[in-house]
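Trainee: I would like a close look at one part of this structure. Please start there and then work outwards.

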Amino acid sequence: MPTRCVVYSDLPHGAPMTVRTRFAPSPTGYLHIGGVRTALFNWLFARQRGGQFILRIDDTDVARNVDEALQPILDGLRWLGIDWDEGPGVGGPHAPYFQSQRADRHKAAAARLLATGHAYRDFARPEEVDEERKAAQAAGRPFLYSRRFAAFTDADAARFEAEGRPSFVRLKMPREGSLVIDDAVRGRVEFAWEREQDHVIQRADGSCLYHLASVVDDHDLAITHVIRAEEHLSNTPRQAFIATSLGYPLPAYAHLPLVAEPGSRTKLSKRKLAQYLKNNDFKQVMDHGLRIAERMGVSADADTFNPVIVDFYREVGYLPWAIDNYLALLGWSYDDKTEFFSREELTRHFTLERINASPASFDPKKLWAVQDHYMAMLTADERLAMMLPFLARAGLVADPATPGERETVRKVIEASGDRLKVAGDILAYADFFLVDEPAIDPAAVKQRLAKPGVRALLEAFSGALAAVEPFEPPMIEAALKQVVEAAGLKVGDLVHAVRVAVTGKTVGPGLYDCLAILGRERSLDRIRRALPACEPIG
RNA sequence: GGCCCCAUCGUCUAAUGGUUAGGACAUCGCCCUUUCACGGCGGUAAUCGGGGUUCGAAUCCCCGUGGGGUCACCA
């Protein structure tokens, strides 16, 4: 290893090498929003350069059921449209794409490192290293393993073995000089070798640790650009040491700014949901999701029903591209005003150069705004296709929906306009058209129905409604205005009461649309049934 | 604590060393309006501090301060 080694942020010009990036999640059972951002940037960069995006599963240390823990991650990426050229489910020329299945390669690399003197067998017991560590700490100096149980000769090894000590393998890190990497987003970063530990790369049982495995796999998969979160920046020296010791060319590195908590710079974590809920924007988005889950009768399992986890957005009915577009803006920008990009535009414009180096806090309200924008661009048919499954899940329509149900829902969608922000919102706007006896909000009754004069007004309107022909919004509006004028009142005085009588709520699409969709008979029936509630309370 | 990274409105961000420091979300006010939502108009709001370099610094350098990441036989 040269005392100074410069890693370039991109490949030399003229090298006709295809860009290959990877996302290497470990099977944790869920897809974290920060992980998605990393995957997205890798994907975008590969696509922009006409290269390949590889999905590798870093399951080196898993004791759990990998399939079960992997599925949500694969599903999440697919849902978001982040497709991989090689990896689980699609295979590829460098298979297998599971780290656990590459153990032989890792072991061979460890053996080579040992043979070339870049690593050594160590016979220290954990507590013996801990003692050194504590002593260094107490003395106020940086810890550096003494290597006193390192076997640099066969004689050493024989002696330690005679003591019955198990051995494992450590890196023999340089203790002079420094490593300089030219990070694509951070620029030049220098690390002194004397601060780097002799990391363990292979356990006594022969299994290899993450850093070795990762470097070997990246090389075997011909990864050219390692684009990952900033938390890995300090891992880079040991990985660069492993790679160069093995004779591998170094990949280019790009360390992405962390996705931080709302209103903070701390790394976003799914475990701190309770704390994030104190943030009003976060709470609003969460509560909205909770209401939708409740209407569908879905249990909002805190483990995945969490705005830090991608599943949340799928459950609630966000558009996958809205999430991609929002996440692309978290740490990256195109110019001073463009915020919305089609898939093609984004893959055309994306560059590593325009990635920001400082942490970016996750703002669920801004994501909401991006979602709003894309939702508004959908046609009624597109929304219908998107929303029907939510209604079916809530038991409000058959699965598949009958032609009649589809027609009704389509009308509701058209009448609802921009009110539907996420697919799950249809539940709140369509229910009273799909059930015979909609739930009545008591507060709405008190506010709009239980007042003097309301009953007579509703009765008069019923009479007018019975004669409206055709039963369409403009005519219904005219009839209502006539009743109101005859009574010497304002439109609002009747509209609100009719709305509550008919829908049970104070909010919804335009009233005339509601009545038209409901039809004459059902409208009259509901008004009739609401009349007893019009008696003033007390 | 060591090492490393970061620092423009509350948030995401823009600004070849020369701009009245721009946009978006959020927020506030007004308008539109049958509710809600949308929409329209307008407002509040930022270069962490101190030194340099320079005719000129958000921008380059240094020092502080603050925040963050990382220091496993986890990944």
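How many of the eleven residues of helix α6 (residues 210-220) are buried?

Mentor: Nine of the eleven. Keep in mind that this is a predicted model. Helix α6 is largely enclosed by the rest of the structure, because that many of its residues are buried. The cut-off for buried is under 20% relative accessible area.

Now the names. The buried residues of α6 run from H211 through L212, A213, S214, V215, V216, D217 and D218, with D220 completing the list. Their packing partners include three strands and two helices by name: β2 (20-23), β9 (200-202), β10 (225-229), α3 (103-115) and α7 (236-245).

Look next at what follows the helix. After α6 comes A222, with a positive phi near 55 degrees. A222 is not a glycine, yet phi has that sign. The residue sits in the loop between α6 and β10. A222 counts as partly exposed because its relative accessible area is 34%.

A second residue invites the same check. R147 is not a glycine either, and its phi is positive, near 65 degrees. R147 is placed in the loop between α4 and β5 (150-151). At 15% relative accessible area, R147 is buried.

Then turn to the RNA. Helix α6 is among the elements that each supply at least two residues of the surface near RNA strand B. The others on that list are α4 (126-139), β8 (187-192), β13 (360-361), α13 (364-376), α20 (491-503) and α21 (511-518). The largest share comes from α20, with four residues. In all, 62 residues surround the strand, and R186, R203, R265, E339 and R419 come nearest. On the RNA side, sugar and phosphate make up 77% of the strand B atoms that come within 4 Å of the protein. By class, the protein surface there holds 23 charged, 22 nonpolar and 17 polar residues.

Some individual contacts are worth finding. S361 places a polar side-chain atom 2.8 Å from a sugar or linking oxygen of RNA strand B. S26 also uses a polar side-chain atom, at 3.1 Å from such an oxygen of the strand. D58 uses its backbone instead: an N or O atom lies 2.8 Å from a sugar or linking oxygen.

Helix α13 leads on to the aromatic residues. The whole structure has 16 aromatic pairs. One of them joins Y318 and W368 edge-to-face, with 6.4 Å between centres and 70 degrees between planes. W368 belongs to helix α13 and Y318 to the loop between α10 (310-316) and α11, so the pair ties together parts 50 residues apart in sequence. Both partners are enclosed: Y318 is buried at 3% relative accessibility, and W368 is buried at 17%. Elsewhere, F41, W332, Y334, F341 and F350 make up one aromatic cluster.

Beside W332 in sequence, check G331. This glycine lies in the loop between α11 (320-328) and α12 (343-349). G331 counts as buried, since its relative accessibility is 9%. Beyond its neighbours within four places in sequence, G331 contacts R37, P257, R354, I355, N356 and A360. From G331 to S358 is 27 residues in sequence, but 7.6 Å in space between C-alpha atoms.

Now the nonpolar interior. The largest core has 125 residues, and F362, I426, L449, L458 and F461 have the most contacts inside it. Helix α1 (residues 33-48) gives this core its largest share, nine residues. F461 touches I476, A479, L480, V483, L494, V498, L515 and I527, leaving out residues up to four places away in sequence. A second, separate core has 31 residues, including V169, C208, V226 and Y248.

L515 recurs in one polar contact. Its backbone oxygen lies 3.4 Å from a polar side-chain atom of S523. S523 is part of helix α22 (residues 520-530). At 0% relative accessibility, S523 counts as buried. Besides L515, S523 touches L465, F471, V502 and L518, again not counting residues up to four places away in sequence.

Finish with the cis peptide bonds. One runs from A95 to P96, with omega near 0 degrees. P96 is in the loop between α2 (66-79) and α3, and α3 is among the packing partners of α6. Another runs from D399 to P400, again with omega near 0 degrees. P400 lies in the loop between α14 (380-393) and α15 (403-416).

How values were computed: Residues numbered from 1 in each chain as written. Chains lettered and ligands numbered in written order. Predicted model: local features only at pLDDT ≥ 70, side-chain atom pairs only at ≥ 80, totals over all residues. Heavy atoms only, no water. Core = buried A, V, L, I, M, F, W, Y, C linked by side-chain atoms within 4.5 Å. Buried < 20%, exposed > 50% of the residue type's maximum accessible area, 1.4 Å probe, protein only. Contact = heavy atoms within 4.5 Å. Near = heavy atom within 4 Å. Polar contact = N/O pair within 3.5 Å; in protein donor to acceptor, adjacent residues only side chain to side chain. Nonpolar A, V, L, I, M, F, W, Y, C, P; charged D, E, K, R; others polar. Phe/Tyr/Trp six-rings, centres within 6.5 Å; stacked < 30°, edge-to-face > 60°.
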